[in-house]
Amino acid sequence: MSQTKQSHSDGEERHSALLNNAGAVRAICSAVEGTLGPKGLDTMLVGGQGEVLITNDGATILEQMDVSHPAARLMVQVARSQQQLVGDGTTTATVLAGAMVAEGVAEVLRGVPVAKVVAGMQEGVRLAVHYLRDRSREVSGTDDPILRQIAYVAGREHTDIAQLVIDAAQLVGADKLRSDAYRLAEAVVPSPTERSEVWPGILINRQPAILPWLTDSPAERILVLQDAFEPETTDEEALNTESGFKEYMQRRERFRSQLEQIAELGIGIIAIDRGADPEAEQYCADRGIFLLTRVSRRDLRQLCLFTGARPIRRSALNKTGQELSVFLGRAGHIGYDERLEKVKIAEGGGSPFVSILVGASTEEVGGEHSRIAMDAAAAVQAAIRGGYVPGGGAMEVAAAREIERYRETVHGMEAFGLSAAARALRKPLAQMVVNAGFNPLEKVELVKASQLETSSDSIGIDCDTGELIDSLQAQIVDPALVKIHAIQAAGEVASAVLKIHTVVKMKKG
């Protein structure tokens, strides 16, 4: 008996870093797993000054949490990677990563070498990803009815938000959505009122330097200037000389000629990333030109893409009107919305863009609805790019079954890692069942048996009744890319955590 206790104690000491890291990972997972699935609940985040944030969004929870443990920070990176690459599925990725760590630790404590567990787990992840890619269903286009359901599921069953996202996707078009450089989720903008709408263009988050006519202007040209909108500068010491002051006045006169040329070209918006000369501000206001100063680089880039404008430096204003016109963009509608405090531009001459305005009765609710809309938009775009698979945890259970079939052919100790990966893949379904108030052991085994009997990858659990359901027939579907990246990210972080044997504090500097 004493030898057994001593052996167990030695094992815990040998794996002290692993157990410590696994505990930190478990703490992170417990903060988000209760939000998973249609019956998931919200999490309240409380700041040091008493500020409160209530959300169901896994990425927001993890980003706002006060996390100090290094292994826990790895979990935050999983969510951040998931959010950046596909924009949805952060909670699933976190839950999967936590399950893989827990299952891997269990195998290590049984005496399986860490290297063998990690190798088997990585092979299991590879098999699961291959299975999902092979079983994904293609979306025919933005008019495919399944897209609405994907938006509805990812949008946490908010019908109005799902409709907004679908309307926006149809305006942008499938070709734009397939572009790696475009993210529909970035088109979501919180609205200060309860009204939600899809604006068929872009919003510039700046107020004109001096408010010009507040009526909308039709068919205008757009000038984008990556420089200060002012005359060429004159050295202060030179201003004290007659020749220097003469040069200063000549430059100001040249600048006035440039302003006259801009007005003659029919320019309706001048967007610059720096400041503007007061005379230029007043000149533009008098002629109804929207002069937008200190515009962010992101907004300038979006403006160029949408209108077809090409950014120029201040020196290019010396060109003739004909030469300058080739750098100008075009838009059929320009206006300033005082309610939003943004410039609204539509009918651009470049690539299609949309803005999804999400309103709510309060700022807090509006923020949460915006996060929901971003998830739905990301899911729709991911489905356009990579198709969809059965949701509700059904597909992960089917992938786990494939891993276990392959495990039967493996003779080495990597088989234990494969088993760990298979068990971890069932965690999302088990957690959804728990959140719905049912017994996870019973329901997961029921799904496993039914999938095996019917050779189906879509049998899951109805979270309302606890009964078996065909996820595809019930239109409970998820984008394949969201699932694939969640599994890959979870496998990578789990492998990293499991391989940590020693934790050493670095010296300062």
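This briefing describes the overall make-up of one protein and then looks at a few of its parts. The structure is a predicted model, and its secondary structure comes to 20 helices and 15 strands. Of the 509 residues in the protein, 52% are buried, and the C-alpha atoms fill a box of roughly 100 × 55 × 45 Å when this is taken along the principal axes.

**Contacts and distances across the chain**

- If one takes the contacts between residues at least 6 apart in sequence, 75% of them join residues that are at least 24 apart.
- Gln 322 and Gly 40 are separated by 282 residues in sequence, and their C-alpha atoms lie 60 Å apart in space.
- Gln 322 itself belongs to helix α14, which covers residues 321–325, and this residue is exposed because its relative accessible area of 69% is over the 50% cut-off.

**Strand β7 and its neighbour β8**

- Strand β7, which covers residues 267–272, has six of its six residues buried, so this strand is largely enclosed by the rest of the structure.
- Strand β7 runs parallel to strand β8 (residues 290–292), and three bridges join the two strands; within this pairing, Ala 271 has Leu 292 in β8 as its bridge partner.
- Between the two strands the chain passes through helix α12 (residues 278–286), and the β-α-β crossover that results is right-handed.

**The packing of helices α4 and α20**

- Helix α4 (residues 70–85) packs against helix α20 (residues 480–498) at an angle of about 155°, and the axes of the two helices are 10 Å apart.
- The two helices are therefore roughly antiparallel, because angles over 145 degrees are counted in that way.
- The crossing of α4 and α20 is right-handed.
- On the α4 side, the residues that take part include Leu 74, Met 75 and Val 78, while those they meet in α20 include Val 482, His 485 and Ala 486.

**Two loop residues with positive phi**

- Glu 157, although it is not a glycine, has a positive phi of about 65°, and its place is in the loop between α7 (145–154) and α8 (159–172).
- Glu 157 is partly exposed, with a relative accessible area of 46%.
- Gln 475, which is not a glycine either, has a positive phi of about 60°, and this residue lies in the loop between β14 (468–470) and β15 (477–479).
- Gln 475 counts as partly exposed because its relative accessibility is 33%, a value in between the cut-offs of 20% and 50%.

How values were computed
Residues are numbered from 1 along each chain as its sequence is written. This is a predicted model: local features need pLDDT of at least 70, side-chain atom pairs count only at pLDDT 80 or more; totals for chains, interfaces and linings use all residues. Side-chain values use heavy atoms; hydrogens and water are left out. Buried means under 20% relative accessible area, exposed over 50%, partly exposed in between (1.4 Å probe, protein chains only). Helices (H or I, at least four residues) and strands (E, at least two) are DSSP runs, numbered from the N terminus. Two strands pair if DSSP finds at least two bridges between them. A crossover is right-handed if, with the strands pointing away from the viewer, the path from the first strand over the helix to the second runs clockwise. Axes are lines fitted to C-alpha atoms, for helices over the stretch in contact, and angles run from 0 to 180 degrees between N-to-C directions. Angles under 35 degrees count as roughly parallel, over 145 as roughly antiparallel, 65 to 115 as roughly perpendicular and the rest as oblique. A crossing is left-handed if the near helix is turned anticlockwise from the far one by less than a right angle, and right-handed if clockwise. Contact means heavy atoms within 4.5 Å.
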